[in-house]
Structure formats: C-alpha cells, structure tokens
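Q: Could you walk me through how to read a structure like this one, feature by feature?

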Amino acid sequence: MATILASIPSGVEATSGSTTLTSPIRWQESMRSAVRSSGELLRLLNLSDSEHSEAAAKDFPVFVPREFVAKMQVGDPLDPLLQQVLASSDELDEKWSVGALQDPVGDEAAKRIPGLLQKYEGRALLITSGACAVHCRYCFRRHYPYQSAPKGRSGWQESLAALRADDSVEEVILSGGDPLTVADSQLQWLVNELNQIDHIRRLRVHTRTPVVIPQRICDDLLAWVQSSRAAVYFVLHVNHPREIDASFAAAMKQLRTASATLLNQSVLLRGVNDSPEVQLELCRALVDMQVLPYYLHQLDRAAGALHFETKVDVGLAIIDHLRAKLPGYAVPKFVREEPGRPSKTPL
C-alpha cells in the first residue's frame with residue numbers, strides 16, 4: 001500500500017534565509033523531530049497506551065509535529081486535535097468499511113500524465129510531493145501511489161511541457177502530499193517555470209503545513225510568493241479553532257504582506273468539529289485574520305476514514321446556523337467531491 005511519507009522527503013533541504021517568525025526551530029528540524037508513534041503521542045499527553053491501534057499505524061504511519069501536539073489538551077483522550085492524528089482501531093473495523101474506497105475522489109481517472117491531474121476546466125493539479133507535515137487519519141489520498149508521481153526539477157519537466165502545450169489551463173494547483181514539504185529553492189524554480197507560461201494566471205498552494213509548523217512561513221518562502229507574476233492563493237486546512245494560535249496568525253500576516261490571498265477549507269469530522277458552535281468559532285477566528293472560509297467538505301469516503309463521517313443533514317444544519325450568525329463572506333460552501341463531476345457538488 002502506498003502511503004504519504006513519514007520522513008524528510010528528498011526535496012527538503014536547509015535554506016539560507018532566516019526564519020521570519022520568532023521560533024528558534026527551523027521547519028526542517030520540526031519535520032525531523034515529529035512524533036512517529038501513537039504510543040509516544042499518548043505518553044506526551046499523559047494518556048493510556050490502550051487508546052490507540054498499532055495495526056492502524058502500520059497501515060498508515062503516525063506523523064505529528066510537536067508544535068501541533070503542544071496545542072492538545074493533556075489528559076483528554078477526546079481532544080479534537082488528537083482525534084485527527086491518533087491511529088484508531090476504528091480505521092480497521094469492518095463496520096466502517098461499507099462503501100469505503102481506495103480512490104474516493106477519482107484521482108486515477110483524472111490523471112493526464114503521472115503527477116498531473118485535471119478534474120475541472122481551466123485548472124490542473126500538480127503532485128509536488130508525496131510527503132506531508134502531518135498525517136491526518138481522514139486523508140483522502142492515504143492510498144495514493146505517490147511512488148509513481150515524478151518529483152523534483154527533472155521529474156516535473158513532463159508536466160511543465162504538458163502545461164505549456166495546453167493554453168486552456170489558466171490555474172495550477174500545487175498539491176500532494178503537501179507542497180510546503182518541498183525546499184524553497186525547488187519551489188522557487190517551479191514557480192519561475194510556471195510564471196514563464198503566459199496563459200497560467202493563478203497559482204494555488206494547498207497546504208496544512210503552516211497550521212502544524214507555522215515557522216514554515218519563512219523569508220525564502222515569502223520571497224517566491226511575492227515575486228510571482230501569477231496571483232498566488234494559499235488554501236489552508238484548519239479544522240478546529242484550537243488549531244489557531246499566535247504563531248499561525250503571525251504566519252498568515254506574513255503571507256498577506258507578501259500579497260497572497262488566503263482561503264481555508266475544512267473537513268466535517270464526527271467528534272471533532274461537527275457542531276454549530278465549533279464551526280462558528282472557527283469561521284470567526286479565520287475571518288478576523290483575513291482568511292476566508294472557502295469550503296466545508298463532506299468527508300471523502302476513503303478506506304480507513306469512515307468513522308469520521310457525519311450525515312449530510314449535520315452539515316446543512318451547521319451552515320444554516322452560520323448564515324444566521326455571520327456575514328456571507330464568512331460562511332463556507334458545504335460541498336462534496338464526486339468523481340467525474342465538472343465541479344464540487346454543493347450540498
């Protein structure tokens with residue numbers, strides 16, 4: 001089975017610029033020192049080892065930066081941040097397997113060439129890395145064959161050639177894995193190449209790294225963001241208001257200063273953020289730091305993740321609550337991804 005790499009990928013390297021944020025720990029060091037077992041994670045939180053599943057961790061490795069662990073409540077086995085990253089026996093329980101899929105969003109059918117996907121008109125998605133800065137247990141690409149996706153400058157050449165030849169593509173989505181696990185020297189080169197393709201007008205970076213390692217927003221990253229000819233959008237992935245702290249807020253301010261547009265998408269997760277009160281607090285916190293709520297996703301039905309699924313009616317009730325409390329720009333669209341459809345499906 002292919003999984004997202006729980007190690008430093010080959011594209012990660014030390015950079016020469018100093019970190020913009022105040023933390024003395026560089027983001028590469030945070031990746032190297034991340035928690036790699038449920039047992040260690042539970043010990044750090046003073047919880048019993050019986051709370052996790054070794055078998056589930058073998059199926060999909062545990063990988064959690066210590067900065068994210070520090071936001072969890074010590075002694076609380078139901079902590080909503082812990083629930084997102086702790087390997088659980090529910091992942092392998094047959095009662096949660098009905099309708100589970102290895103490729104729930106149709107990535108394989110959307111593959112133009114290895115590492116380049118296209119599902120929607122005018123937009124193409126480049127798999128830039130097979131690594132993530134955190135392993136979310138509900139991940140819809142936990143079974144993606146990352147070993148077949150070309151990486152690095154030589155590996156990206158075929159995708160770049162395909163993009164140059166197709167002037168219908170005006171937006172490129174950098175995804176993975178997580179593109180911000182790639183060294184800024186590599187990302188700078190890739191962005192420069194994309195900026196030389198006249199018909200590409202926008203670059204979109206889908207990332208959870210600044211949520212779990214805020215110091216990833218460093219001088220070298222800000223430099224390539226600010227220098228891009230194409231407009232740069234960051235789509236963050238914050239699921240719960242407790243994921244937001246002063247370091248994350250500072251990182252968002254730095255990105256805004258570099259002229260990036262900031263959006264957020266969340267996944268509706270049972271036992272984590274499936275209440276109107278939590279979603280209201282999250283949306284308020286995001287818009288206060290000028291990050292617009294973009295999507296609230298109904299769970300993608302990935303094998304091993306169905307214990308997080310809620311009924312659609314739960315999400316609809318949450319959206320109604322948000323509309324009554326917030327201005328329209330602060331209310332995310334509640335959507336589901338259905339393979340083969342020309343867009344996300346509004347719910």
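Q: Let me start with a ring pair: are Trp-224 and Phe-234 buried or exposed?

A: The yardstick is relative accessible area: buried means under 20%, exposed over 50%, and partly exposed in between, with a 1.4 Å probe and protein chains only. Here Trp-224 and Phe-234 are both buried. Some housekeeping before we go on: this is a predicted model, where local features need pLDDT of at least 70, side-chain atom pairs count only at pLDDT 80 or more, and totals for chains, interfaces and linings use all residues. Residues are numbered from 1 along each chain as its sequence is written, and side-chain values use heavy atoms, with hydrogens and water left out.

Q: How many aromatic pairs does the ring rule give?

A: The rule takes rings of Phe, Tyr and Trp (its six-membered ring) and pairs them if their centres lie within 6.5 Å; planes under 30 degrees apart count as stacked, over 60 as edge-to-face, and the rest as tilted. That comes to five aromatic pairs. One of them joins Trp-156 and Trp-189, with ring centres 6.4 Å apart and planes at 20°, so this pair is stacked. It links distant parts of the chain, since Trp-156 is in helix α6 (residues 152–165) and Trp-189 is in helix α7 (residues 184–195), 33 residues apart. Helices here are DSSP runs of H or I with at least four residues, strands are runs of E with at least two, and both are numbered from the N terminus. Trp-156 and Trp-189 are both buried.

Your opening pair, Trp-224 and Phe-234, is stacked too, at 6.5 Å centre to centre and 25° between the planes. That pair also links distant parts of the chain: Trp-224 belongs to helix α9 (residues 219–227) and Phe-234 to strand β6 (residues 231–236), 10 residues apart.

Q: Which residue lies over the face of Trp-27?

A: A charge sits over a ring if NZ of Lys or CZ of Arg is within 6 Å of the ring centre and within 35 degrees of the ring normal. For Trp-27 the partner is Arg-216, at 4.0 Å from the ring centre. In another such case, the charged end of Arg-141 sits over the ring of Tyr-144, 5.9 Å from its centre.

Q: In what order do the strands of the open sheet run?

A: Strands of a sheet pair through backbone hydrogen bonds, either parallel or antiparallel. The working test is that DSSP finds at least two bridges between two strands. In this model 10 strands form an open sheet with mixed pairing, ordered β1-β2-β3-β4-β5-β6-β7-β8-β9-β10. At the edges stand β1 (111–113) and β10 (345–346), each with a single partner strand, so one side of each has no neighbour in the sheet. Strand β2 (residues 116–117) pairs with β1 in the antiparallel sense over two bridges, and Leu-116 in β2 is the bridge partner of Ile-113.

Q: What is the volume of the largest pocket?

A: Rolling a probe the size of a water molecule over the atoms shows where empty space is left. On a 1 Å grid over the protein atoms alone, a cavity is a set of points where a 1.4 Å probe fits but cannot get out; a pocket is an open set with protein on both sides within 12 Å along at least five of seven lines, and lining residues have an atom within 4 Å of a point. Grid points are joined across faces, edges and corners, and a volume is the space filled by probe spheres set on the points.

The largest pocket comes out at about 1000 Å³. Its lining has 44 residues, with Phe-140, Ser-175, His-206, Gln-265 and His-297 nearest its centre. Elements giving two or more residues to this lining include β3 (123–127), β4 (171–175), β5 (202–206) and β9 (333–336). By class, the lining divides into 23 nonpolar, 11 polar and 10 charged residues, where Ala, Val, Leu, Ile, Met, Phe, Trp, Tyr, Cys and Pro are nonpolar, Asp, Glu, Lys and Arg charged, and the others, Gly among them, polar.

Q: And how many cavities of 30 Å³ or more does the search find?

A: A search of the whole structure finds one, with about 40 Å³ of space in it. Helix α11 (276–288), β7 (261–267) and β8 (292–297) each give two or more residues to its lining, and the largest share, four residues, is from α11. The lining has seven nonpolar, three polar and no charged residues.
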